[in-house]
Amino acid sequence: MKNCNEITRDLLKRRDEYAAKQRRRRKTAIVSAACFCLIAGVGLGLWRGGVFTPGRAVQNESSPPEVHYEGYAVSIPPIEIPQSEEGVSADMIGLVVYRGGIYTETSRYYGDDAQALYSLVGEYLGYATGTIDEWSSQDEYSREFASTCTGDVYSVNGYDTGFRICMCQNIEGANGEQILWLQFYERLNGIGVTYGSDLFGDRLNMAGNWNEVLYNSHESWDNGVSAYMPLPGITESDIESFLSALYSGEFEYVYDTDKNFYDSSKTQGHLLFTMNDGTKVELRLFEGGYVGYQDMGWYFVKMPGEDFDKVFDAIT
């Protein structure tokens with residue numbers, strides 16, 4: 001098993017290739033990131049068709065995980081380790097256990113990009129032990145600061161620790177230099193949501209808090225091409241109206257109603273918001289008025305109407 005420095009050196013050697021491969025691997029059920037292991041046999045859920053399929057809620061009598069979905073229309077249960085089957089492989093995703101919740105890695109920055117976000121690194125929370133690997137039991141996932149990578153864990157300024165935390169450390173680069181590495185982890189399981197505002201407002205605080213919105217065609221995105229461009233004919237007011245409708249739309253677990261939801265024949269588009277604090281938020285839009293947070297898999301907000309159509313028509 002490689003340690004963080006070894007993984008980082010490998011990634012830096014092929015820096016130009018990494019961004020494209022990151023997208024393409026989502027299609028082929030492989031998620032690549034620094035400081036966590038790609039393993040066979042047992043994983044933290046399965047990636048199918050570019051999305052994470054969450055497991056069922058798990059009750060651990062000795063240390064039950066905190067859940068925060070009572071009173072919401074849609075519950076996203078805590079992640080469960082799938083049973084290992086001979087000849088069937090699954091991949092782990094980067095994670096940290098904090099205050100009874102499993103936080104999964106959603107984004108990472110290094111070098112100058114990490115330095116630009118360094119002011120977001122907040123209070124020291126603890127040390128991630130790096131004890132999670134392919135042989136870990138479900139019980140080990142309930143231990144505080146269990147993780148797939150060792151390092152210091154911090155709060156993120158401007159965000160509730162119930163949603164987002166981070167790991168920040170200096171890592172030795174390919175030529176022995178010290179490079180700042182920043183990873184964000186978010187709790188997107190063991191929670192409840194009803195309206196878009198429960199995620200995009202209360203957690204991500206998107207409305208009135210962005211400075212740029214770009215789009216990418218699904219064809220480019222699906223082939224690992226980062227060809228983000230300004231939205232033609234879309235004003236700042238149009239984006240704010242879109243976000244307002246997104247806030248009021250209701251969440252759906254689309255896997256229940258359409259197991260072929262991610263069928264490649266459906267018209268799709270991708271929006272990339274740069275927030276005022278420099279972080280990125282990626283949204284995935286589907287025909288019919290569906291908007292999802294890229295890291296939430298099968299959970300989408302349904303918001304058909306003029307506000308959605310105007311933006312969707314401009315990017316597809």
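This briefing walks through the cysteines, charges and a few individual residues of the structure above. Please keep in mind that the model is predicted. It holds zero disulfides and four salt bridges. A negative patch also appears on the surface, formed by Glu-306, Asp-307, Asp-309 and Asp-313.

**Cysteines**

- If you are wondering about disulfides, the structure has zero of them.
- Cys-166 is in no disulfide, and the nearest cysteine sulfur, in Cys-168, lies 6.3 Å from its own.
- Seen from the other side, the sulfur of Cys-168 has its closest cysteine sulfur in Cys-166, and the 6.3 Å between them is too far for a bond, because a disulfide calls for two cysteine sulfur atoms within 2.5 Å.
- Cys-166 is buried, with a relative accessible area of 1%.
- Cys-168 is buried as well, at 9% relative accessibility.

**Salt bridges**

- As a general reminder, side chains of opposite charge can pair when their charged atoms come close.
- The structure has four salt bridges, and three of them are described here, starting with Arg-108 and Glu-105.
- In the bridge between Arg-108 and Glu-105, the closest N and O atoms are 2.8 Å apart, and both residues are buried.
- Asp-238 and Lys-310 form another salt bridge through their side chains, with an N to O distance of 3.2 Å.
- Asp-238 belongs to helix α6 (residues 236-248) and Lys-310 to helix α8, so this pair ties together parts that are 72 residues apart in sequence.
- The two partners sit in unlike surroundings: Asp-238 is buried at 14% relative accessibility, whereas Lys-310 is partly exposed at 44%.
- Lys-266 and Asp-258 also meet in a salt bridge, at 2.6 Å from N to O.
- Asp-258 counts as partly exposed, with 25% relative accessibility.

**The negative patch and helix α8**

- Four acidic residues make up a negative surface patch: Glu-306, Asp-307, Asp-309 and Asp-313.
- Asp-313 is part of helix α8, which covers residues 306-315.
- With 54% relative accessibility, Asp-313 counts as exposed.
- Helix α8 is also home to Lys-310, the salt-bridge partner of Asp-238.

**Positive phi angles outside glycine**

- Phe-145 is not a glycine, yet its phi is positive, at about 65°.
- You will find Phe-145 in the loop between β6 (121-129) and β7 (150-156).
- Phe-145 is buried, at 10% relative accessibility.
- Asn-205, another residue other than glycine, has a positive phi near 50°.
- The loop that holds Asn-205 runs between α4 (197-201) and β11 (210-217).
- Asn-205 is partly exposed, with 42% relative accessibility.

**Contacts across the sequence**

- Asn-205 and Gly-158 are 47 residues apart in sequence, while their C-alpha atoms are 9.3 Å apart in space.
- Tyr-299 and Ile-76 are separated by 223 residues along the chain, and 8.5 Å lies between their C-alpha atoms.
- Tyr-299 is located in strand β17 (residues 299-302).
- At 4% relative accessibility, Tyr-299 is buried.

Note on methods: Residues numbered from 1 in each chain as written. Predicted model: local features only at pLDDT ≥ 70, side-chain atom pairs only at ≥ 80, totals over all residues. Heavy atoms only, no water. Buried < 20%, exposed > 50% of the residue type's maximum accessible area, 1.4 Å probe, protein only. Patch = residues over 30% accessible without salt bridge, like charges linked within 9 Å, V, L, I, M, F, W, Y side chains within 5 Å. Areas by Shrake-Rupley, 256 points an atom, 1.4 Å probe, with all protein chains shown as cover. Lys, Arg positive; Asp, Glu negative; His and termini not counted. Charge placed at Lys NZ, Arg CZ, Asp CG, Glu CD. Helix = DSSP H or I, 4+ residues; strand = E, 2+ residues; numbered from the N terminus.
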